[in-house]
Amino acid sequence: MMVLLTGNTDSYAQFITVLIIFVLVLAVTALVTRWIANYQKEQSVNVNIEVIETTRISGNKYIQIVRLGEKYVAIAVCKDTVTLLGEISKEQLREENHAGVFRFRDILERAAQKTEVKSVKAEDNQSDDEV
């Protein structure tokens with residue numbers, strides 16, 4: 001009887017040990033991945049070069065507006081080449097157009113306003129019924 005109990009105990013201990021090692025390996029992997037991502041983010045900070053806008057033309061062809069220092073240029077980016085299309089003045093660039101883009105805060109505020117209007121109307125109807 002004693003042999004059966006120690007056999008079960010050993011298998012449980014092995015399972016718990018393997019589970020703990022697995023969790024530790026996952027934790028170390030997550031920490032190292034986060035550290036590498038932060039390191040690469042710090043290395044890729046560019047002050048003088050910024051992609052302003054990108055539009056896909058076909059599967060692997062794009063037109064990009066890029067800020068290079070104080071200049072804005074349009075470039076065509078293909079699979080193997082990058083071609084300068086021309087320079088654009090800052091005045092020719094349009095500001096972001098948020099048409100069709102909804103922020104959650106705006107939607108929530110509209111819903112709250114509609115709810116308030118409905119509750120005020122319901123209260124008015126109740127007070128009219130009492131009179």
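## Close-up views of a predicted model

**View 1. A nonpolar patch on the surface.** In this predicted model, a nonpolar patch on the surface is formed by Phe15, Ile16, Leu19, Ile20, Phe22, Val23, Leu24 and Leu26, which together have about 790 Å² of accessible area. One of these residues, isoleucine 16, belongs to helix α1, which spans residues 2-43. Isoleucine 16 has a relative accessible area of 44% and is therefore partly exposed, the range for that class lying between 20% and 50%.

**View 2. The protein as a whole.** The protein is built from two helices and four strands, and when these are read along the sequence they follow the pattern α-β-β-β-β-α. The accessible surface of the protein comes to about 12200 Å², and 59% of that surface belongs to carbon and sulfur atoms. Of the 131 residues of the protein, 8% count as buried. Among contacts between residues at least 6 apart in sequence, 1% join residues at least 24 apart.

**View 3. An aromatic pair in helix α1.** The count of aromatic pairs comes to one. The pair consists of tryptophan 35 and tyrosine 39, whose ring centres lie 6.1 Å apart and whose planes meet at 20°, so the pair is stacked, since planes under 30 degrees apart are classed in that way. Both residues sit in helix α1, and because they are four residues apart there, about one helical turn separates them. Tryptophan 35 counts as exposed, with 58% relative accessibility, whereas tyrosine 39, at 45%, counts as partly exposed.

**View 4. A salt bridge between strands β1 and β2.** The structure holds one salt bridge, in which the side chains of glutamate 50 and arginine 67 meet at 3.2 Å, taken from N to O. Glutamate 50 lies in strand β1 (residues 49-58) and arginine 67 in strand β2 (residues 61-68), so the salt bridge ties together parts that are 17 residues apart in sequence. On the side of strand β1, glutamate 50 is partly exposed, its relative accessible area being 39%. Its partner arginine 67 has 17% relative accessibility and therefore counts as buried, because the cut-off for that class is under 20%.

**View 5. The surroundings of tyrosine 72.** Tyrosine 72 is placed in strand β3, which covers residues 71-77, and with a relative accessible area of 11% this residue is buried. When residues up to four places away in sequence are not counted, tyrosine 72 touches Ile52, Val66, Arg67, Gly86, Glu87, Ile88, Lys90 and Leu93. Among these contacts is Arg67, the arginine that also takes part in the salt bridge with glutamate 50. Between tyrosine 72 and isoleucine 49, which are 23 residues apart along the chain, the C-alpha atoms are separated by 9.8 Å.

**View 6. The pairing of strands β3 and β4.** Strand β3 is joined by six bridges to strand β4 (residues 82-88), and the two strands run antiparallel. The connection between β3 and β4 is a hairpin that passes through four residues. Within this pairing, tyrosine 72 has isoleucine 88 of β4 as its bridge partner, and Ile88 is also listed among the residues that tyrosine 72 touches.

Technical notes:
Residues are numbered from 1 along each chain as its sequence is written. This is a predicted model: local features need pLDDT of at least 70, side-chain atom pairs count only at pLDDT 80 or more; totals for chains, interfaces and linings use all residues. Side-chain values use heavy atoms; hydrogens and water are left out. A salt bridge is a side-chain nitrogen of Lys or Arg within 4 Å of a carboxyl oxygen of Asp or Glu. Buried means under 20% relative accessible area, exposed over 50%, partly exposed in between (1.4 Å probe, protein chains only). Contact means heavy atoms within 4.5 Å. Patches are made of residues with over 30% relative accessible area and no salt bridge: like charges are joined within 9 Å, nonpolar side chains (Val, Leu, Ile, Met, Phe, Trp, Tyr) within 5 Å. Accessible areas come from the Shrake-Rupley method with a 1.4 Å probe; for residues, only the protein chains shown count as cover. Two strands pair if DSSP finds at least two bridges between them. Rings of Phe, Tyr and Trp (its six-membered ring) pair if their centres lie within 6.5 Å; planes under 30 degrees apart count as stacked, over 60 as edge-to-face and the rest as tilted.
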